[in-house]
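Dear colleague,

Please find below the structure that I am handing over to you. My findings follow directly after it.

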Amino acid sequence: MPKQRYAPLTGSKVLDDIVGAIGWDDMLTISRAFGGEELYVPLKCGGEHKIVQSVGLEIAEKLCNFYGNTKLLIPNKFRREAEIRHLKATRGELTLNQIARMTNTHCRTVCKILASPPRAISLAERANLPLQTRQIEMFAPSE
């Protein structure tokens, strides 16, 4: 059986894995708190742990359940784009200026990100992705 190609949701494999494990909103919370850091996730977090202090007990427990005893390098680069697209998708009534204010971004940047083709696709589209066949067809015998 041929392998499925990796189809990114956020543009970052680490953030995509976190989205799959704990969801969009919690991934954005973690990315805001620890973006750019190498984060060690223990098997269990106590109330005094920096993860619990930064993102709350519920998100920390989810993170420990999926990534306990692991170091995660939380990227910062893709968070802004993912956050802007998520806000527009879930809260479509927001204006560009409101999204810019919420994400601490210039409104022209928000406009550029939303106007560009997304790196991300929905989970439903990701599950139904066809295999890439263009190169295989290139070597098919001609008739």
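Asn69 is exposed, because its relative accessible area is 52% and exposed means over 50%, buried under 20% and partly exposed anything in between, with a 1.4 Å probe and protein chains only. The residue sits in the loop between α4 and β2 (70–73). Its phi is near 65°, a positive value in a residue other than glycine.

The model is a predicted one, in which local features need pLDDT of at least 70 and side-chain atom pairs count only at pLDDT 80 or more, whereas totals for chains, interfaces and linings use all residues. Residues are numbered from 1 along each chain as its sequence is written, and side-chain values use heavy atoms, with hydrogens and water left out.

A positive phi is also found at Asn104, again a residue other than glycine, with a value near 55°. Asn104 belongs to the loop between α6 and α7, and its relative accessibility of 74% places it among the exposed residues.

As to the chain as a whole, its secondary structure consists of nine helices and two strands; these are DSSP runs numbered from the N terminus, helices being H or I of at least four residues and strands E of at least two. Along the sequence, the elements follow the pattern α-α-β-α-α-β-α-α-α-α-α. The chain has 143 residues, of which 33% count as buried. Among contacts (heavy atoms within 4.5 Å) with a separation of 6 or more, 60% join residues 24 or more positions apart. The exposed area is about 9,600 Å², and carbon and sulfur atoms supply 53% of it; the areas come from the Shrake-Rupley method with a 1.4 Å probe, and for residues only the protein chains shown count as cover.

Helix α5 comprises the 12 residues 79–90, and its end C-alpha atoms are 16 Å apart, in agreement with the expected span of 16 Å at 1.5 Å a residue. That expected span is 1.5 Å times one less than the number of residues. Which residues of α5 are buried? They are Arg79, Glu81, Ala82, Glu83, Ile84, Arg85, His86 and Leu87. Their cover includes α1 (13–22), α2 (24–34), α6 (96–103) and α7 (107–115).

Within α5, Arg85 counts as buried because its relative accessible area is 16%. The side chain of Arg85 makes a polar contact with the side chain of Ser116 at 3.1 Å. A polar contact here is a pair of N or O atoms within 3.5 Å; within protein, one must be able to donate a hydrogen and the other to accept it, and residues adjacent in sequence count only if both atoms are side-chain atoms.

Helix α2 packs against helix α4 (residues 57–67) at an angle of about 95°, with the axes 11 Å apart. The two helices are therefore roughly perpendicular, a term that covers 65 to 115 degrees, while under 35 is roughly parallel, over 145 roughly antiparallel and the rest oblique. Asp26, Thr29 and Ile30 of α2 make the contact with Ile59, Lys62 and Leu63 of α4. The axes are lines fitted to C-alpha atoms, for helices over the stretch in contact, and the angles run from 0 to 180 degrees between N-to-C directions.

Finally, Leu73 lies in strand β2 and is exposed, at 55% relative accessibility. The C-alpha atoms of Leu73 and Gly36 are separated by 7.1 Å, although the two residues are 37 residues apart along the chain. Not counting residues up to four places away in sequence, Leu73 touches Val14, Glu37 and Glu38.

With kind regards
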